Amino acid sequence: MIDLRSDTVTKPSPAMRQAIANAEVGDDVFKEDPTVLELETYGAQLFGKEAALFCSSGTQTNQIAINVHVQPGGEVICHEESHIYKYEGGGIAKNSGASVRLLPGDRGRINAASIANWMNPSHDVHFPLTQLVSIEDTANRGGGAVYEVDQIAQISQLCKELNLPLHLDGARVFNALAVNGLDPANYGAFYDSISICLSKGLGSPVGSLLLGSAAFIEKARRVRKVFGGGMRQAGMIAAGGLYALQNNVQRLHIDHQHAKQLEQALTSCSYIASVVPVQTNIVVANLQDPERRDVFIELLKVKGIACMAFGPGMIRMVTHLDISNEDIDYCVETLLKL
Ligand SMILES: *Cc1c(COP(=O)(O)O)cnc(C)c1O
């Protein structure tokens, strides 16, 4: 099966498994796992942050960050289709007792003007206190859209002026960096906290990193424990993450090229109404006949290609490091013949 449902389906390569097998480990709740410490130091330095915390998932890093930044009754500003709101099981309300201000925006992205507009005046007791802004780069529901750097700079500047922390859900931040060309340390300076996923396009089996100041990460470490995320000999999985950061970042442009090839093929298919312009590794297409979405997915499956429903009449394909040039050639050929 050529699995394009998500970039989370990757399996560790032989070299990554070797790194995992050789990992030195200790009890990470005692801060004694050398591999976890190495991964945290590596990730923090990469993005110019003081400290990092290795967590079990991107949902966990996001939810911990929100819990540290926000008090119960406070409000988080984010895009209406953001992962933290739409795909984290109501965690903002459940874990942190906070409300959300959901903003519309082009392809999963919000801008400084609308944040300024929806920031609640703190002197008026009617309104929940706005306590956090969170953005997603790349934006999943936006079809892997990348923020313009000057847009992020404006948001970051505004948040500083308003004394609001800015969080990045960077599940696919390396895909964004491959497009905007920024050095991770320069990019990291825009944010107070950053979540990065090691288990998406980077191909590690488990884990995410939360990055921020030393004081922020100290608080986050406590929250991680309370959320049940304190892991013991976690070096076994951190080794995969470290290997991923050191070996699988430079190749992401290949996934982007593959996604473009899929976009091109889909654009010329009569059964496709439109394709969201591809910027990174996510391809979102709308079918001519929305009713036939599930039939289309089934037909492709029979041909050995898996993709995902992504809304009414909408499908998503995601490229990743387990998809080869030959796989893409086969997909293109199959889509054109379907
Ligand atoms: C995948 C993803 C996450 C984290 O998901 P987990 O499965 O919990 O690791 C967070 N944000 C976005 C945008 C994602 O795509």
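## Ligand shell, a four-stranded sheet and some backbone oddities

A polar side-chain atom of T59 sits 2.6 Å from an oxygen atom of the ligand. Keep in mind that this is a predicted model. Besides the ligand site, there's an open sheet of four strands to look at, plus a cis peptide bond between D137 and T138 and some non-glycine residues with positive phi, R107 and N163 among them.

**Around the ligand**

- T59 isn't the whole story on polar contacts: a polar backbone atom of G58 comes to 2.8 Å from a ligand oxygen.
- K200 joins in through its side chain, with a polar atom 2.9 Å from an oxygen atom of the ligand.
- How much of the ligand does the protein cover? On its own the ligand has 380 Å² of accessible area, and the protein covers 84% of that.
- The residues lining up around the ligand are S57, G58, T59, N62, H83, E136, D169, A171, R172, C197 and K200.
- Which helix gives the most to this shell? That's α3, spanning residues 58-69, with three residues.
- Sorted by class, the shell comes out as five polar, four charged and two nonpolar residues.

**The four-stranded sheet**

- Reading across the open sheet, the strand order is β9-β10-β13-β12, and the pairing is antiparallel.
- The edges are taken by β9 (272-275) and β12 (308-311), each of which pairs on one side only.
- From one strand to the next, the twist averages 35°.
- How many bridges hold β10 to β13? Five of them do, linking residues 282-287 of β10 with residues 314-318 of β13 in an antiparallel run.
- To see the register of that pair, look for V283 across from M317 in β13, and for V284 with R316 as its bridge partner in β13.
- V283 and V284 are thus handy places to start when you trace β10 along β13, since their partners there are M317 and R316.
- As a rule, side chains in a regular strand alternate between the two faces of the sheet.
- Is β13 mostly covered or mostly open? Mostly covered: four of its five residues are buried.

**The β12-β13 hairpin**

- On its other side, β13 pairs with β12, again antiparallel, over three bridges.
- R316 turns up here too, with M308 standing opposite this β13 residue.
- R316 therefore has a partner in each direction, given V284 on one hand and M308 on the other.
- The two strands make a hairpin with two residues between them.
- In that turn, G313 has a positive phi of about 70°.

**Backbone spots worth a look**

- The peptide bond joining D137 and T138 is cis, with omega at about 0°.
- Where does T138 sit? You'll find T138 in the loop that runs between β5 (130-136) and α7 (149-162).
- R107 isn't a glycine, yet its phi is positive, near 50°.
- The home of R107 is the loop between β4 (99-103) and α6 (112-118).
- N163 is another non-glycine with positive phi, at about 60°.
- N163 belongs to the loop between α7 and β6 (166-170).
- Is N163 buried or exposed? It counts as exposed, because its relative accessibility is 71%, and the cut-off for exposed is over 50%.

How values were computed: Residues numbered from 1 in each chain as written. Predicted model: local features only at pLDDT ≥ 70, side-chain atom pairs only at ≥ 80, totals over all residues. Heavy atoms only, no water. Buried < 20%, exposed > 50% of the residue type's maximum accessible area, 1.4 Å probe, protein only. Near = heavy atom within 4 Å. Polar contact = N/O pair within 3.5 Å; in protein donor to acceptor, adjacent residues only side chain to side chain. Areas by Shrake-Rupley, 256 points an atom, 1.4 Å probe, with all protein chains shown as cover. Nonpolar A, V, L, I, M, F, W, Y, C, P; charged D, E, K, R; others polar. Pairing = 2+ DSSP bridges. Axes fitted to C-alpha atoms, helices over the stretch in contact; angles between N-to-C directions.
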